[in-house]
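Please open the structure in your viewer and keep the selection tool at hand. The tour below proceeds from stop to stop, stating what to select and what is found there.

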Amino acid sequence: MNKLVEEYTLQRKLLAEALVEKDYMELYEAEAIKNEFVAKLGEPRYELSKLELSIARTKLKLEMIETCERFKIPVDHSHIDRELEKEFQKHYEMLRNMRLEIEYAHTIDDEFEKTRRSRALEMKQIYLDIASYIHPELTENQDKNLNRVWKLVEEACQQGNIEKLKRLRKKVINDYGNITENNEDLEEQLTLIKKRKLAVQDEIKAMKNRFPFSESDMLDDEVAVMKFRDSMDMDIKNAKEILDKLEKQILEKLPPMGRYKN
């Protein structure tokens, strides 16, 4: 029985660490890596996105003009432009957000980021201390009071309020630190904990394969960053050539300048 208790305690600890790591990645690391990526490569990425949007809009405009010509409908360029503005409104909003992200990323200085990282790591440890006692996935009986305390913990983490987290840690240890585990059905609980731990670890692996985590290694390698920038510069050049050809096709569809002269 002692071995079973030891194994249960160990797996419970590992699950707590995995849960906290996942939350830490979502709450802090994702934003930190994204800000670094935007600061280093945001401008060419924004330029390429803007060009791709212009290409998509110009292609659609050309298709609309050709449809009017095919069905012998008078081409109203002003009406087409208004419809395109509506069609691409969400995409332009995305571009505006990208521009704001770039401006924000360039306001972050190194000292600020070092302080922020230090505070985030401290917060992660405090959060782990608390989660080990009252995380919903580690606690069998979730009463209303415990749920309320856990919500306060989550709010403090989202706000980055370390002082509040420290107070909550003290309260949690005082209130729940001496509660003994229920040894009934321990094997079943152990099986569930192991299964959940593996699932959370798989979620972490999947996160690391997605943006921005997928770019973290590249961001630490200046040569890789330059290669990435060169690749984007080539894509920008190609996009400009495509857009130029499309715009020339649009111009060819416009009536001659002198047609409407008296």
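This is a predicted model, in which local features need pLDDT of at least 70 and side-chain atom pairs count only at pLDDT 80 or more, whereas totals for chains, interfaces and linings use all residues. Residues are numbered from 1 along each chain as its sequence is written, and side-chain values use heavy atoms, with hydrogens and water left out.

**Stop 1: a link between two helices**

Helices (H or I, at least four residues) are DSSP runs, numbered from the N terminus; strands (E, at least two) are defined likewise. Select Lys194 and Glu7. These residues form a salt bridge, with their closest N and O atoms 3.6 Å apart. The pair joins distant parts of the chain, for Lys194 belongs to helix H7 and Glu7 to helix H1, 187 residues apart. A salt bridge is here a side-chain nitrogen of Lys or Arg within 4 Å of a carboxyl oxygen of Asp or Glu. By this rule, the structure has 25 salt bridges.

Are Lys194 and Glu7 buried or exposed, given that buried means under 20% relative accessible area, exposed over 50%, and partly exposed in between (1.4 Å probe, protein chains only)? Lys194 is partly exposed at 33%, and Glu7 is also partly exposed, at 25%.

**Stop 2: salt bridges within a helix**

Select Glu47 and Lys50, whose side chains meet in a salt bridge (3.9 Å, N to O). The two are separated by about one helical turn because they are three residues apart in helix H1. Glu47 has a relative accessible area of 25% and is partly exposed; Lys50, at 34%, is partly exposed.

Move to Glu113 and Arg116, which form a salt bridge at 4.0 Å, N to O. Both lie in helix H4 (residues 110-134), three residues apart, about one turn of the helix. Both Glu113 and Arg116 are buried. Elsewhere, Lys22, Glu26, Glu137, Arg196 and Glu203 are joined into one network by salt bridges that share partners.

**Stop 3: neighbours in space**

Select Glu66, in helix H1, together with Lys253. Their C-alpha atoms are separated by 8.6 Å, although the residues are 187 apart along the chain. Glu66 is partly exposed, with 31% relative accessibility.

Next, select Arg96, in helix H3 (residues 89-105), and Tyr46. From C-alpha to C-alpha they are 9.6 Å apart, with their positions 50 residues apart in sequence. Arg96 is partly exposed, at 45% relative accessible area.

**Stop 4: two loops**

In the loop between helix H1 (2-70) and helix H2 (77-87), select Lys72. This residue has a positive phi of about 55° although it is not a glycine. Lys72 is exposed, with a relative accessible area of 75%.

Then select Pro212, in the loop between helix H7 (186-208) and helix H8 (216-219). The peptide bond leading from Phe211 to Pro212 is cis, with omega near 5°.

**Stop 5: the cysteines**

Select Cys68 and Cys157. Cys68 is buried, with a relative accessible area of 15%, and Cys157 is buried, with 5%. How many disulfides does the structure hold? The count is zero, where a disulfide is a pair of cysteine sulfur atoms within 2.5 Å.
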